[in-house]
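Please read the following points beside the sequence and the model. They begin with the conventions and then move from the overall fold to particular side chains.

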Amino acid sequence: MESISPEFALSLLNQDADRIKMLIRNQKNSLCISQCKAFEEVVDTQMYGFSRQVTFAVRLGMISKDDGHQLMSDLEQELNRLYTEVYAETQENNEQGKEV
């Protein structure tokens, strides 16, 4: 049986995290984040699935617990940053609409 290196496992998890970040960024462009409850459910599902992948990799000893926490933390920070940006843009647009 061929073994999988920790570096390869970490690389695959990083690719999955990048895919989720891209999904979020693409929706930000259409401002769906602030208006679509279905999008929030998709993000929650993606985040949950990713957390299960990370937990599985940690349990198998493919990545360290610290690496797993870092992967989740980075993804959560990116999501929070994007939500903050969208909220600020929405507030700014609302303020501009009131001034007109």
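1. Helices (H or I, at least four residues) and strands (E, at least two) are taken here as DSSP runs, numbered from the N terminus. This is a predicted model, in which local features need pLDDT of at least 70 and side-chain atom pairs count only at pLDDT 80 or more, while totals for chains, interfaces and linings use all residues. Residues are numbered from 1 along each chain as its sequence is written, and side-chain values use heavy atoms, with hydrogens and water left out.

2. On the overall fold, the protein has 3 helices and 0 strands, and its pattern along the sequence reads α-α-α. Of the contacts (heavy atoms within 4.5 Å) between residues at least 6 apart in sequence, 68% join residues at least 24 apart. Buried residues, meaning those under 20% relative accessible area, with exposed being over 50% and partly exposed in between (1.4 Å probe, protein chains only), make up 26% of the 100 residues.

3. The largest nonpolar core, a core being a set of buried Ala, Val, Leu, Ile, Met, Phe, Trp, Tyr and Cys residues joined through side-chain atoms within 4.5 Å, has 18 residues, and those with the most contacts inside it are Leu-13, Ile-24, Phe-50, Val-54 and Ile-63. The elements giving two or more residues to this core are H1, helix H2 (37-60) and helix H3 (65-99), and H2 supplies the largest share, with 6 residues. Val-54 touches Leu-13, Ile-63, Gly-68, Leu-71 and Met-72, when residues up to four places away in sequence are not counted.

4. Lys-21, in helix H1 (residues 6-29), deserves a closer look. Which side chain of opposite charge is nearest to Lys-21? With Lys and Arg counted as positive, Asp and Glu as negative, and His and the chain ends not counted, that side chain is Asp-18, 4.1 Å away. Lys-21 is buried yet has no salt bridge, a salt bridge being a side-chain nitrogen of Lys or Arg within 4 Å of a carboxyl oxygen of Asp or Glu. Leaving aside residues up to four places away in sequence, Lys-21 touches Leu-75 and Glu-78.

5. Asp-18 also lies in helix H1, and counts as partly exposed because its relative accessibility is 45%. Asp-18 and Leu-75 are 57 residues apart in sequence, but 8.4 Å apart in space, C-alpha to C-alpha.

6. The structure holds 2 salt bridges, and Glu-78, Arg-81 and Glu-85 are linked in a network of them. The side chains of Arg-81 and Glu-78 meet at 2.9 Å, N to O, and these two residues are separated by about one helical turn because they are 3 residues apart in helix H3. Between Glu-85 and Arg-81 the closest N and O atoms are 2.2 Å apart, and about one helical turn again separates the pair, since they are 4 residues apart in helix H3. Glu-78 counts as buried at 12% relative accessibility, whereas Arg-81 at 38% and Glu-85 at 28% count as partly exposed.

7. On the surface, the protein exposes about 7,100 Å², of which carbon and sulfur atoms supply 51%; accessible areas come from the Shrake-Rupley method with a 1.4 Å probe, and for residues only the protein chains shown count as cover. Ile-4, Phe-8 and Leu-12 make a nonpolar surface patch of about 280 Å². Patches are made of residues with over 30% relative accessible area and no salt bridge, like charges being joined within 9 Å and nonpolar side chains (Val, Leu, Ile, Met, Phe, Trp, Tyr) within 5 Å. Leu-12 has its place in helix H1 and counts as partly exposed at 37% relative accessibility.
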